[in-house]
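Welcome, and thanks for taking a look at this one with me. Below are my notes, set out point by point so that you can follow along in the viewer.

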Amino acid sequence: MTSKSGEGVLLALSGGVDSSVCAHLLKEQGLHVEAVVCEFSPAHRPAVEAARQTAKLLDIPLHVIECHQAFTQQVISYFAKSYLGGETPNPCVVCNPLVKFRAITEKADELGLRYTATGHYADVVEQDGRYMVKKAKFLPRDQSYMLYRLDQRQLQHLLLPLAQMSKDEVRALARELALPCADAPDSQEICFIPDGDYPRYIEEHYGQSVQGDFISPEGTPCGKHKGIIHYTVGQRKGLGIALGRPVFIRQIDPQTGNIYLAEAGQEFFSRLVLRDCVWQPFDELPRAMELEAKIRSQARPAAAAVSPLGNGRAEVLLREPQRAPAPGQSCVLYQGDVVCGGGFIETAE
């Protein structure tokens, strides 16, 4: 590996334990480290203040980027429209390439810093002049799924110092360095909705969602629901209806507002159609390929035959049916430990 000593790196700093430990690891490599924090919305101001305190403690310059407009247009609007359209969005997957990494990469260029870095648990590898995300060594923390939409410019100079570390090792190093965030809990909520009540947020800012009936497995109405944004494909609990047997949500129809239920055991699907696909080893999927598919970040990879359909779409035939792939979620495709690409689930059957 080429020595990076003396080169400059712009680290995305949140004030949390992962990015704080990254700053130490990058300094150990002899890099000149500067930090950046993105203020995506008013809800992020506490994170900006935490980053300020951490940067001061670590004695590194901090740059603050205000991204309210881009974040609202590219992430919050997408998030709300996806739920209102009967889908289940993942805002981080969209934010990373369109807002966060774009802003960080552009800021690094502006500052004349060669590299960027984040505290994600993943790695980046180069092959035949193309850059690809690789799974972290410690698979329980692997975040490669969240980075599958990054483009070549964002990947080319990206450093991910936690690629070989477990969370326990990161916390232990933070304690050794006497960082105040060493035992801080991981953030779990939707970052721009601190209380996690996304239906209320969507209805306050984007209007009421379509209401309608639950439709029983037999095809008859069996009760009203609260609005489609309160539900997701695969959901079994909290439906508020009693049919005397377990059921789950199989389909949400945003046109009629009806939510179709199915018997437990019928929630496994073997064919997916993906839209808005992106690829890291190549610009377009060149041919049918045998890959592994993950329909959720922490799902077990499943062998799949993947074929191009044109217009940014692809067909995924799962060798082992997967439980309740939800439209709007991402299906990420791997070749071994390396991200090949992926897209948003359009249909499942």
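Is Cys38 buried or exposed? Keep that in mind while you read; point 2 gives the answer.

1. **The whole chain.** Please note that this is a predicted model. The chain has 17 strands and seven helices. Its radius of gyration is 21 Å, close to the 20 Å that the globule rule gives for 349 residues, so the chain is as compact as a globular protein of that length. The C-alpha trace spans about 70 × 45 × 35 Å along its principal axes. Of the 349 residues, 52% count as buried. Among contacts between residues at least 6 apart in sequence, 66% join residues at least 24 apart.

2. **Two cysteines.** Back to the opening question: Cys38 counts as buried because its relative accessibility is 10%, and buried means under 20%. Cys67 counts as buried too, at 8% relative accessibility. The closest cysteine sulfur to that of Cys38 is in Cys67, but at 4.2 Å it is too far for a bond. A disulfide would need the two sulfur atoms within 2.5 Å. The count of disulfides comes to zero.

3. **The largest nonpolar core.** Which residues touch the most other members of this core? They are Phe71, Phe79 and Phe192, out of 44 residues in the core. Elements that each supply at least two residues include β1 (8-12), β2 (32-39), α3 (68-84), β5 (122-127) and α7 (198-206). The largest share, eight residues, comes from α4. Leaving aside neighbours within four places in sequence, Phe71 is in contact with Phe40, His44, Ile76, Cys95, Val99, Cys191 and Phe192. A second, separate core has 28 residues, among them Cys22, Ala136, Met165 and Val170. As background, nonpolar side chains tend to be buried together in soluble globular proteins.

4. **Strand β12 and its partners.** Which strands should you look for beside β12 (residues 268-279)? One is β15 (residues 313-323), which runs antiparallel to β12 and is joined to it by six bridges. In this pairing, Phe268 stands opposite Arg323 in β15. Another is β17, which pairs with β12 in the antiparallel sense, again over six bridges. Here Val278 stands opposite Gly342 in β17.

5. **Ser330.** This residue lies in strand β16 (residues 330-335). At 1% relative accessibility, Ser330 counts as buried. Its side chain makes a polar contact of 2.8 Å with the side chain of Tyr148. Not counting residues up to four places away in sequence, Ser330 also touches others, including Val93, Tyr145, Lys294, Arg296, Gly343 and Phe344.

6. **Leu62.** You will find Leu62 in strand β3 (residues 62-66). Leu62 counts as partly exposed because its relative accessibility is 23%. With residues up to four places away in sequence left out, Leu62 touches Leu13, Ala35, Val36, Val37, Ala51, Arg52 and Ala55. Its C-alpha atom and that of Ser19 are separated by 13 Å, with their positions 43 residues apart along the chain.

Notes. Residues numbered from 1 in each chain as written. Predicted model: local features only at pLDDT ≥ 70, side-chain atom pairs only at ≥ 80, totals over all residues. Heavy atoms only, no water. Helix = DSSP H or I, 4+ residues; strand = E, 2+ residues; numbered from the N terminus. Buried < 20%, exposed > 50% of the residue type's maximum accessible area, 1.4 Å probe, protein only. Polar contact = N/O pair within 3.5 Å; in protein donor to acceptor, adjacent residues only side chain to side chain. Contact = heavy atoms within 4.5 Å. Core = buried A, V, L, I, M, F, W, Y, C linked by side-chain atoms within 4.5 Å. Pairing = 2+ DSSP bridges. Rg over C-alpha atoms; globule rule 2.2 N^0.38 Å.
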